[in-house]
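Trainee: I've just opened this one and I'd like to get my bearings.
Mentor: Sure, let's look at it together.

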Amino acid sequence: MTAICNNSVRDSVAEEEWKTRIDLAAFYRLVALHGMTDLVLGHLSARVPGTTDQFLLNPYPRLFELITASTLVKVNAAGDVLLDVGYNYDIPAYTIHGAVYEARPDAGSAAHTHTTAAMAYSALPGELLPISPKGIRFNGSLAFHSFEGIFDNPKERARLADDMGELDAVLLENHGYLVCGPTVPECWEILYDLEEATKSHLAALSTGAAIASRSQAALAKDRDRLTAERTAIREESWASQLRFLDRIDTSFRE
C-alpha cells in the first residue's frame, strides 16, 4: 500500500500526545478493517494527556483507513482548533465527544459508530442478551439515550451525560453506539466487544428459537472472571493489534 503524505506534527507536540495520536490513528484503522465504518461518518477521539479540556478528533471528511497520527485535529472545550493540521472536524463529533469528556474525567477515549448491527438493535426492544462472553460484559451495563436527530445541539450534551452516567457504553436510539474508556486500547476493546455481542444477540433472535437463560449470580461470576482475564492481557493484546496494522501499512504512525 502506498504511504500517505502528511506534514508531520511529531515535533510540535509532547511525547505523550504523539503516542496517543499513534494509538488513536491505529484505532481508526482497526475500526475500518473490521467493517465498522459508515463512509466518513462516525468518530473516535482521545483526550490529550495532561489536559482536562483538549481532545483529538478525526479530520473531516477523511476515510478512517487514511487517518494518521499527524492528521488528527486537536480541539478544546470551546471548539477551537489548537493545532493546524490542514483539516477541520465534524460538529456532531465535537458535540458528542465534548459531552463525554466534560462529564467523565475518567474517560481518556471515546467512540461513536453506527454499524448495521448497532442500528438494528437500537430499534428493537429488550436488553442485550448475555449469551456470549462479550455479551456478559454488558449485562445490565448498557445505557440508553433517546434519538433527538443530528447531534449538533449543545443542550443535548447534558441529557446524554445523564443517560450515560458512570457506564462505559450507551445505545443511541435509532442511531448506534457511544462508548468510552480510560485509554484508547480499552475504548477499542469495549467497542469491539459490544459490536460482537450485538451480532450474537441479533443472530440468536433471528432463529426464532427460545433463548437459554442463566441466573444473575452466574453471570456476575463469569463477568468478574472475564474482566480479570482481559485486564491481564490488555497491554499485550493492544501491542498485537499494532503489530497487525504494521504488517498491513505503517502509515498510521506518520
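**Around strand E7**

Trainee: How do you know that E7 pairs with strand E8 (residues 176-181)?
Mentor: Two strands pair if DSSP finds at least two bridges between them, and four join E7 to E8, which run antiparallel. Ala169, for one, has Val179 in E8 as its bridge partner. Keep in mind that this is a predicted model, where local features need pLDDT of at least 70, side-chain atom pairs count only at pLDDT 80 or more, and totals for chains, interfaces and linings use all residues. Residues are numbered from 1 along each chain as its sequence is written, and side-chain values use heavy atoms, with hydrogens and water left out.

Trainee: What makes E7 a strand in the first place?
Mentor: Strands are DSSP runs of E with at least two residues, and helices are runs of H or I with at least four, numbered from the N terminus. E7 covers residues 169-172, so it fits that definition.

Trainee: Which way do its side chains point, and are they buried or exposed?
Mentor: Ala169 and Leu171 point one way, Val170 and Leu172 the other, and all are buried (under 20% relative accessible area; exposed is over 50%, partly exposed in between, with a 1.4 Å probe and protein chains only).

Trainee: What is on the E6 side?
Mentor: Three bridges join strand E6 (residues 143-145) to E7, and these two run parallel. Phe144 stands opposite Leu171 there.

Trainee: Where does E7 sit in the whole sheet?
Mentor: The order is E4-E3-E2-E1-E5-E8-E7-E6, an open sheet of eight strands with mixed pairing. Strand E4 (81-83) and E6 are the edge strands, as each pairs on one side only.
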